Amino acid sequence: MILGSISKNSVIMGLFAIATTGLIVFTQINTADQIEAAKRKALEAALKEVVPANLFDNNLLDSTVDVAASKQLGNKDSRVAYIAKKDGIPTAAIFQTTAPEGYGGSINLLIGINADGDVTGVRVVPPHFETPGLGDKIELAKSDWIKSFDNKNLASPNTAGWKVKKDGGEFDAFTGATITPRAIVDGVHKSLLYFNEQQLALFGTQTSSTFSSQGSQP
Ligand SMILES: Cc1cc2nc3c(=O)[nH]c(=O)nc-3n(C[C@H](O)[C@H](O)[C@H](O)COP(=O)(O)O)c2cc1C
């Protein structure tokens, strides 16, 4: 009688353990899916920040090309670039790049460049380690400085202009903080040079746009 009741309890506890484990596994799978979906949504929103909506009608997240590790892009590993397309024709590329010489270390950037070689937008990808109140004006939430790259290309300004004003170039630095903006100006300029050299490989076809024929430099 006692033995029967023990084995009955064991079966109940066993079933309970199986049900609990099943519930945990189910919750984990469900949560992982939700986290993945939230990540994709955040990435898509970030991509849309650097390329205007009128330039594409494709799903940016599903339109990628592999970009090998590149000194010009500041990347030690391969990354994907996102290709914006309108009616199937490539109109812009969005690069994930790294400006290695920030004050607090590397600064990750998203840089959009259209088929004519004009910058369509630049944003800092968090986290960065620039100093609050000094170097963090690179964030759009803190200042509009990052928008000073919009519509710039290799011809405008010319090579000498692609520096902060303190170094004889065209871009503002921040009061008491030149290192951070210098790093980003250099990073964006190098990305334009990379695009100039790699556009055909990236787009896989000639586009209808007239791409700036400004020569690239190493
Ligand atoms: C505690 C501390 C934090 C600083 N943070 C930054 C920073 O985030 N970005 C930056 O450009 N400069 C920062 N600076 C200032 C730089 O050391 C440097 O003086 C400034 O960028 C001017 O550089 P330049 O001499 O090349 O023009 C910081 C200085 C101190 C003392």
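Analyst: A residue counts as buried if 20 or more other C-beta atoms, placed from the backbone, lie within 10 Å of its own, as exposed if 12 or fewer do, and as partly exposed in between. The model is predicted, so local features need pLDDT of at least 70 and side-chain atom pairs count only at pLDDT 80 or more, while totals for chains, interfaces and linings use all residues. Residues are numbered from 1 along each chain as its sequence is written.

User: Why is N58 called partly exposed?

Analyst: N58 has 16 other C-beta atoms within 10 Å, which places it in the partly exposed class. N58 sits in the loop between helix 1 (2–50) and strand 1, and, leaving aside neighbours within four places in sequence, it is in contact (C-beta atoms within 7 Å) with S63, A84 and K85. Its C-alpha atom is separated by 34 Å from that of T180, a residue 122 places away along the chain.

User: What makes strand 4 largely enclosed by the rest of the structure?

Analyst: Of the 8 residues of strand 4, 7 are buried, so the strand is largely enclosed by the rest of the structure.

User: How do you know that strand 4 pairs with strand 3 and with strand 5?

Analyst: Pairing asks for at least two bridges found by DSSP; strand 3 and strand 4 are joined by 8 bridges and run antiparallel, and strand 4 (residues 107–114) is linked to strand 5 by 6 bridges, again in the antiparallel sense. On one side Q96 stands opposite L110 in strand 4, and on the other L109 has V124 of strand 5 as its bridge partner, while I113 stands opposite V119. Strand 4 and strand 5 form a hairpin with 4 residues between them, and G117 in the turn has a positive phi of about 85°.

User: Why are strand 1 and strand 5 called edge strands?

Analyst: The open, antiparallel sheet has 5 strands in the order 1-2-3-4-5, and strand 1 (64–67) and strand 5 (119–125) each pair on one side only. From one strand to the next, the twist averages 25°.

User: Which residues surround the ligand, and how does the shell divide into nonpolar, polar and charged?

Analyst: The ligand is surrounded by Y103, G104, E130, T131, L134, G135, K166, G176, A177, T178, I179 and T180, and a residue belongs here if its C-beta atom lies within 6 Å. The shell divides into 4 nonpolar, 6 polar and 2 charged residues, with Gly counted as polar.

Note on methods. Helices (H or I, at least four residues) and strands (E, at least two) are DSSP runs, numbered from the N terminus. Axes are lines fitted to C-alpha atoms, for helices over the stretch in contact, and angles run from 0 to 180 degrees between N-to-C directions. Two residues are in contact if their C-beta atoms, placed from the backbone, lie within 7 Å.
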